[in-house]
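Colleague: Please take a close look at one part of this model. I would like a single strand and its surroundings, step by step.

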Amino acid sequence: MNSEPRLVEVRKNVLKQNDVVARALRERFREAGVFVASLVSSPGSGKTAFLEKVLTELRKEFRVAALVGDLATDNDAARLARSQAPVKQITTGTLCHLEATMVQSALEGWNLAELDFLFIENVGNLVCPSSYDLGEAMRVVLLSVTEGEDKPLKYPTIFNSADVAIVTKTDLAHAVEFDWAAASANIQAVRPGMEVFRLSTKSGEGIDDFLKHLATRLAEARSISVA
Amino acid sequence: MHELSIAMSIVELAEEEAVRRGAKINAVHLKLGALAGVVKSALQSSYEMACENTALQGSQLIVEEVPVVVYCPGCRADRPLSSIQFFSCAECGAPASQIVQGKELEVVALEIEE
């Protein structure tokens with residue numbers, strides 16, 4: 001006893017618990033054949049309006065559902081429920097992001113095999129959600145034209161962690177003199193090769209392109225899963 | 001600000017090791033990648049709070065910051081990144097998105113006293 005202090009090696013991933021649950025979810029989603037997309041953005045970028053539109057349109061052809069995370073209130077779930085799709089609110093209390101276990105508990109009692117698409121709207125925050133895998137197949141980062149072209153450079157970690165970027169509120173682009181070239185360059189700088197969609201929930205511009213993309217991703221995921 | 005919950009996970013993880021080894025932990029060594037989404041200074045101050053009234057009270061968190069390394073298709077080699085705002089090879093400037101290193105959030109060693 002009372003030996004000198006010594007250094008022992010350990011290798012422990014701090015977020016292992018979240019990652020383990022996220023991996024289990026991803027496997028469950030794959031088995032059920034449901035394509036899961038998560039949405040991240042700053043507050044007020046238009047995630048909920050966008051999702052309401054996407055749910056409404058997709059419902060015509062697919063079976064869709066959504067989970068929506070906020071610190072408080074179920075206003076967003078109420079808005080999304082107007083699409084007639086099953087929607088569940090996750091209130092995080094004071095937590096600034098969703099974690100895999102919250103998604104897991106929110107899905108209790110859901111038969112995932114009855115779904116084609118599940119959307120998970122994260123808490124509006126461009127920082128914390130980047131560290132937490134939720135088991136999604138695609139992470140979508142949204143940026144509204146009113147936020148400025150340099151958002152990707154200010155929050156490179158979350159933009160880098162996303163698979164697809166969407167520039168929203170394009171109907172306001174002219175009014176705010178949005179610089180498309182600068183925005184594209186900034187997105188490509190932090191995530192080379194990332195696919196970027198431009199759309200307006202209000203005018204409907206660009207929505208079809210994104211819906212087609214989703215349908216393609218679903219078909220791809222299912223063909224891989226079968227093979 | 002999710003650093004406090006991360007600090008609490010670190011403390012929890014270290015406490016488990018302390019119990020398992022029947023040892024007192026003086027310091028926790030952490031590897032923190034530049035893309036982990038965790039701010040070092042916020043983590044340091046959260047760590048002190050998270051240690052209060054635990055077996056880790058008074059221990060130190062020693063953070064080793066890990067820069068991002070990408071695979072550069074131009075050089076066909078692992079290369080440092082120009083900057084976190086510019087995912088390109090620091091050597092040849094080619095765009096590079098394949099991350100080899102930089103997402104670490106890992107306890108790598110413990111300074112213990114038995």
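**A strand and its partners**

Modeller: Start with one pair: A:Ala37 stands opposite A:Met138 in S6(A). This is a predicted model. The pair belongs to a longer match, as four bridges join S2(A) to S6(A), strand S6 being residues 138-144 of chain A. The two strands run parallel.

S2(A) has another partner. Five bridges join S2(A) to S5(A), and these strands also run parallel. Here A:Ser38 stands opposite A:Ile120 in S5(A).

Now the side chains. In a regular strand they alternate between the two faces of the sheet. From S2(A), A:Phe35, A:Ala37 and A:Leu39 point one way. A:Val36, A:Ser38 and A:Val40 point the other way. Both sets are buried. Six of the six residues of S2, residues 35-40 of chain A, are buried, so the strand is largely enclosed by the rest of the structure.

Next, step across to S5(A), residues 117-121, where A:Glu121 sits. A:Glu121 touches A:Leu39 of the strand we began with. Other contacts of A:Glu121 include A:Thr48, A:Leu51, A:Leu67, A:Val68, A:Gly69, A:Leu80 and A:Leu98. Two charged residues, A:Lys47 and A:Asp76, are also among the residues that A:Glu121 touches. A:Glu121 is buried yet has no salt bridge. The nearest side chain of opposite charge, A:Lys47, is 4.5 Å away. A salt bridge needs a nitrogen-to-oxygen distance within 4 Å, so A:Lys47 does not qualify.

For the complex as a whole, the predictor gives an ipTM of 0.81 and a pTM of 0.89.

Notes: Residues are numbered from 1 along each chain as its sequence is written. Chains are lettered from A and ligands numbered from 1 in the order in which they are written. This is a predicted model: local features need pLDDT of at least 70, side-chain atom pairs count only at pLDDT 80 or more; totals for chains, interfaces and linings use all residues. Side-chain values use heavy atoms; hydrogens and water are left out. Buried means under 20% relative accessible area, exposed over 50%, partly exposed in between (1.4 Å probe, protein chains only). Contact means heavy atoms within 4.5 Å. Two strands pair if DSSP finds at least two bridges between them. Lists of a residue's contacts leave out its neighbours within four places in sequence.
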